[in-house]
Amino acid sequence: MTSQSPATNPAAGSAKSMDAIMALCKRRGFVYQASEIYGGINGFWDYGPLGSQLKKNLRDAWWQDMVLRPCWGKTGPGGREVRCVPVETCIIQHPKVWAASGHVGGFNDPMMDCKESKRRYRADHLRYVKTTDPSEGRMFAFVEGDADTFEEALKRLGKYVKRTLGEGDLEIITDAKPDGQFLARVVGPHAKEAGTLTEPRAFNLMFKTYVGATATDDDVAYLRPETAQGVFVQFKNVVDTTRVKVPFGIGNVGKSFRNEVTPRNFTFRSREFEQMELEFFCHPDESMEWFTFWREFRMAWWESLGLAGENLRLYDTPKKDLAHYSQAGSDVEYRFPFTYPGFGELEGVAHRGNFDLTQHQQHSGAKMEYNDTERGELLPNGQRRGERYLPHCIEPAAGLDRGVLAVLCEAYTKDESRPSPEFMKIHPRLAPIKAAVFPLVAKDGMPEIAHKLHDELLRRFWREGLVESDDKQTIGKRYARMDEAGCPYCFTIDSDTLKDQTVTVRDRDTGGQQRIAISHAAAFLSDKLGL
Ligand code: GAP
């Protein structure tokens, strides 16, 4: 058992308040609880007008930088071009796909129930706090990264030992083997009595459904728990119907479903979520070089979208924790307010070897081998005999909803000195509203000029995002509204515009203003958006 001092415990406080971020997301139409008017449904979230556009912008950025012009045109190991193609595969696949991938037999989370509070926990998320005095044997469970349950556990422990606890008094158990004997001494996070937590049981995360009208056991199918398998089962078709040659990648973006035991932390762990996955196929001898290449590019990509600095890190999976078929794995991790000071996974970059193609070849009987005509013995006619092999796969697998959440958390900024004490510093490439146009007052011909500029910007930038116009309320309130929406630039038409055809441009991040020619507004915005 290892222990951790409370000072390093992820349940400790954080600089940004998740409650404040969630309130702003609701107020401004980024994220709503799904089925809210019926009391909501745990683990499901809807995106409002701003959230859905933000999510689309992040999805588009991935598609552009991973499929259309992979890695911003950079070359890969050995100066090779990075080539990627897209697919869009079904949410429901033949059930044998999930048997081959290992999801039917092995996609399980250890789950513990509390007989008293009727709550359910993931065993690997529970931590236990006790005193260092062996005679005070009771332990109080809390949920990792959840400050409320941690504080409650400390309070109850203090009551149990009837004294004030100092930091040196405490031991936190992070890797318990929670068998019956251990659990008899544990009070659950939301329970009063000890011994009410059940031993962990495996719980398959796949959502089951039936295909067809009869709904018998023979008709069982599953909602996909990852988009990756759709790529592996179409690998041969892509090779046979396009001109791609190994090394190349196949990108697949879409919804995945996992019946998470404990969905939590806003959209971080949802039951319905979207993934952006690339399966990059290469020769086994080159696989480690490609792994390093993708690991570095994926980190640089998230940094380019404003998640730079100490809140983002690359974490290499220790060798002992790798799957048996994997040679390497790294996670891009973000320091979310609810994981602070720790980090939570944003994207996994995995070296999957040839595990998946091997599995599907064995289970389906279809040949998955690739004939590499650039390799193998050189023949007298100058051509190569070709080498047959199962390519290895490097998989950068990103969560779109987690990406949006990280962008929202990073963007949330508090500054009491501004007209909007909370504002969203969303990277201009991702900002759902790219610009807003305001007449200073709704008279003297200003609305007409504003309308004309709005129309021009809309025609120029509708592919990138929303362009708003607004002539209600004071100008300060309109700026504040746009600050909360994360709109990077506001153009204001005022009395000087009538005289010299200039407008004020206000920068969201600094609040600073400058005057530019109205005829230059579109070019200015284009430049700022990096188009
Ligand atoms: N094909 C590999 C794969 O699916 P994963 O680490 O299980 O790997 C990839 O998932 C990414 O999908 C994660 O890094 C995370 O961003 C996202 N993800 C996974 N489960 C999620 C959930 N329940 N809610 C939201 N995002 C999730």
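Okay, let's jump straight in at one spot: Leu-453, Glu-456, Leu-457, Arg-460 and Phe-461 in helix H12 meet Ala-521, Ala-522, Leu-525 and Ser-526 in helix H15. By "meet" I mean contact, that is, heavy atoms within 4.5 Å. Sorted by class, that contact has six nonpolar, one polar and two charged residues. For the classes, Ala, Val, Leu, Ile, Met, Phe, Trp, Tyr, Cys and Pro count as nonpolar, Asp, Glu, Lys and Arg as charged, and the others, Gly among them, as polar.

Before going on, a word on what we're looking at. This is a predicted model, with local features needing pLDDT of at least 70 and side-chain atom pairs counting only at pLDDT 80 or more, while totals for chains, interfaces and linings use all residues. Residues are numbered from 1 along each chain as its sequence is written, and side-chain values use heavy atoms, with hydrogens and water left out.

Now the overall picture. The protein has 15 helices and 27 strands; these are DSSP runs numbered from the N terminus, helices being H or I with at least four residues and strands E with at least two. The C-alpha trace spans about 90 × 80 × 50 Å along its principal axes. Of the 531 residues, 52% count as buried. Buried here is under 20% relative accessible area, exposed is over 50%, and partly exposed is in between, using a 1.4 Å probe and protein chains only. And if you take contacts between residues at least 6 apart in sequence, 66% of them join residues at least 24 apart.

Back to that helix pair. H12 covers residues 446-461 and H15 covers 521-528, and they pack at an angle of about 40 degrees with their axes 10 Å apart. The axes are lines fitted to C-alpha atoms, for helices over the stretch in contact, and angles run from 0 to 180 degrees between N-to-C directions. That makes H12 oblique to H15. The cut-offs: under 35 degrees is roughly parallel, over 145 roughly antiparallel, 65 to 115 roughly perpendicular, and the rest oblique. The crossing of H12 and H15 is right-handed, meaning the near helix is turned clockwise from the far one by less than a right angle; anticlockwise would be left-handed.

Next up is H2, residues 49-68. How does H2 pack against H11, residues 400-411? The angle is about 115 degrees, and the axes are 10 Å apart. So H2 is roughly perpendicular to H11, and the crossing is right-handed. On the H2 side we have Leu-54, Lys-55, Leu-58 and Arg-59, meeting Leu-400, Asp-401, Gly-403, Val-404, Val-407 and Leu-408 in H11. That contact has six nonpolar, one polar and three charged residues.

H2 also packs with H9, residues 287-304, at about 140 degrees and with the axes 12 Å apart. These two are therefore oblique to each other, and their crossing is right-handed. Leu-58, Ala-61, Trp-62, Asp-65 and Met-66 of H2 make the contact with Trp-294, Phe-297, Arg-298, Trp-301 and Trp-302 of H9. Here the split is eight nonpolar, no polar and two charged.

Let's look at a couple of loops. Thr-267 lies between strand S13 (248-257) and strand S14 (272-282). Is Thr-267 buried or exposed? Buried, at 5% relative accessibility. Outside its neighbours within four places in sequence, Thr-267 contacts Val-31, Trp-45, Tyr-47, Asp-401 and Leu-405.

The other loop residue is Arg-508, between strand S26 (502-507) and strand S27 (513-517). Arg-508 is buried too, with a relative accessible area of 3%. Not counting residues up to four places away in sequence, the residues Arg-508 touches include Arg-418, Phe-423, Asp-483 and Gly-486. Gly-486 is 22 residues away in sequence, but 7.6 Å away in space, C-alpha to C-alpha. Gly-486 follows helix H13 and has a positive phi, near 80 degrees. H13 itself, residues 475-485, has several buried residues, among them Tyr-479 and Asp-483.

Last thing: cysteines. How many disulfides does a search of the whole structure find? Zero, counting a disulfide as a pair of cysteine sulfur atoms within 2.5 Å. For Cys-84, the nearest cysteine sulfur is that of Cys-71, 6.6 Å away. Cys-84 is buried, at 10% relative accessible area. For Cys-409, the nearest is that of Cys-25, 7.7 Å away, and Cys-409 is buried at 1%.
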